[in-house]
Amino acid sequence: MIYIKSKEELKKMKKAALAVAEVLQTLKENVKEGVSTWELNKMAEEIAEKKSFIAAFKGYSNYPASVCFALNEEVVHGIPSKDAVLKEGDIIGIDFGAIVDGYYGDSAITVPVGKISKIAQKLLDVTEASLFNGIDQAKPKNRIKDISKSIQDYVEDNGFSVVKSFVGHGIGKNLHEEPQVPNFVSEMSQLGTSLKSGMVLAIEPMVNLGVAEVKILNDGWTAVTADGKLSAHFEHTVAITDNGPEVLTRLN
Ligand code: MF3
Ligand code: CO
């Protein structure tokens, strides 16, 4: 079932979303050659501790850390490691979730490390723009399908592919709620779901330079592209309001 959030609930969700946005901002500022994903994860945990909010991913389905990373060909859910040291030319996905007053916020960015290739930059730009295309469709009377289609069309028109093994989701008192928000159109019945004021969605395109297929590494978490080519991921938690989409995970 799809939960419609009240004004009061949306206020709490905004707090969780801002906590997430602040962490992502700080981690982004600290992305540079020589830094490990373990250190970035520790930074996120220190901010959560200091600001008294809960890092949502730690322990969720037994995930062992607070941040999910995605280095280069990694798509999502990479576990922080002291051995994963950033170097010039890398792209690094940073995905963080927080709980405040019982409500979740969830957002992700992909960040360049120093100077990156033109094609890597295009992948970042197209993926982020596809997210905002999807967000533009997140308004009353539209359907989930309108979000999915606008993302897929934009990505494929630019010659890249959308990942189909993972999807966006409703979010609220749970990290993952109905409806699913795929980044592609299919026969899935939930794509026909009408959007209503008070729904909150985590919209999160994962875009590959090459093939759409992914595989999971032996750690049981890290998803990588099947062809070893680059992948990017951007995500926002978005409330549907009578005035259109409101991006909650944005620093204003
Ligand atoms: N943002 C991701 C998602 O929506 C990360 C959650 S994975 C976790 O699924 F298990 F680590 F929490
Ligand atoms: Co998510």
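## Close-ups of a predicted model

**View 1. Helices H3 and H4 run roughly antiparallel to each other.** Everything in these views comes from a predicted model. Here, the axes of H3 (residues 118–136) and H4 (residues 144–157) come within 8 Å and cross at roughly 155°. That angle is over 145°, so the pair counts as roughly antiparallel. As for handedness, the H3–H4 crossing is right-handed. Want to find the contact on screen? On the H3 side, pick out Val 126, Ala 129, Ser 130, Asn 133 and Gly 134. On the H4 side, the residues making the contact are Ile 147, Ser 150, Ile 151, Tyr 154 and Val 155.

**View 2. Strands S6, S10 and S13 form an open, antiparallel sheet, in the order S6-S10-S13.** The edges belong to S6 (161–162) and S13 (231–233), each of which pairs on one side only. H3 from the previous view turns up again here: H3 packs on this sheet and touches S10 and S13. The direction of H3 makes about 35° with that of S13. Between S6 and S10 (residues 206–208) there are 2 bridges, and these two strands run antiparallel. To spot one of the pairings, start at Ser 161 and look across to its bridge partner in S10, Asn 208.

**View 3. A second open sheet has 3 strands in the order S3-S12-S11, again with antiparallel pairing.** S3 (74–76) and S11 (214–216) sit at the edges with a single partner strand each, so one side of each has no neighbour in the sheet. The strands are not laid out flat against one another: neighbours in this sheet are turned by 40° on average, ignoring direction. S3 is joined to S12 (residues 223–225) by 2 bridges, in the antiparallel sense. A handy landmark is Glu 74, which stands opposite Val 224 in S12.

**View 4. Val 224, in strand S12, is buried.** Its relative accessible area is 5%, and the cut-off for calling a residue buried is under 20%. Which residues does Val 224 touch, leaving aside its neighbours within four places in sequence? They are Glu 73, Glu 74, Val 75, Glu 213, Val 214, Lys 215 and Leu 217. For a sense of scale, try Ala 129, one of the H3 contact residues from the first view. The C-alpha atoms of Val 224 and Ala 129 are separated by 22 Å, and the two residues are 95 apart along the chain.

**View 5. Thr 225, also found in strand S12, is buried with a relative accessible area of 1%.** What does the side chain of Thr 225 reach at 3.2 Å? That would be the backbone nitrogen of Gly 228. Not counting residues up to four places away in sequence, Thr 225 touches Glu 73, Val 75, Asn 208, Glu 213, Val 214, Lys 215, Leu 230 and Ser 231. Asn 208 should look familiar, being the bridge partner of Ser 161 in the second view.

**View 6. Strands S14 and S15 are joined by a hairpin.** How many residues link S14 to S15 in the hairpin? Just 2. S14 covers residues 236–241 and S15 covers residues 244–247, and they pair in the antiparallel sense over 4 bridges. To line up the two strands by eye, use Thr 241, which stands opposite Gly 244 in S15.

Definitions and conventions
Residues numbered from 1 in each chain as written. Chains lettered and ligands numbered in written order. Predicted model: local features only at pLDDT ≥ 70, side-chain atom pairs only at ≥ 80, totals over all residues. Heavy atoms only, no water. Pairing = 2+ DSSP bridges. Axes fitted to C-alpha atoms, helices over the stretch in contact; angles between N-to-C directions. Buried < 20%, exposed > 50% of the residue type's maximum accessible area, 1.4 Å probe, protein only. Polar contact = N/O pair within 3.5 Å; in protein donor to acceptor, adjacent residues only side chain to side chain. Contact = heavy atoms within 4.5 Å. Parallel < 35°, antiparallel > 145°, perpendicular 65-115°, else oblique. Left-handed = near helix turned anticlockwise from the far one by under 90°.
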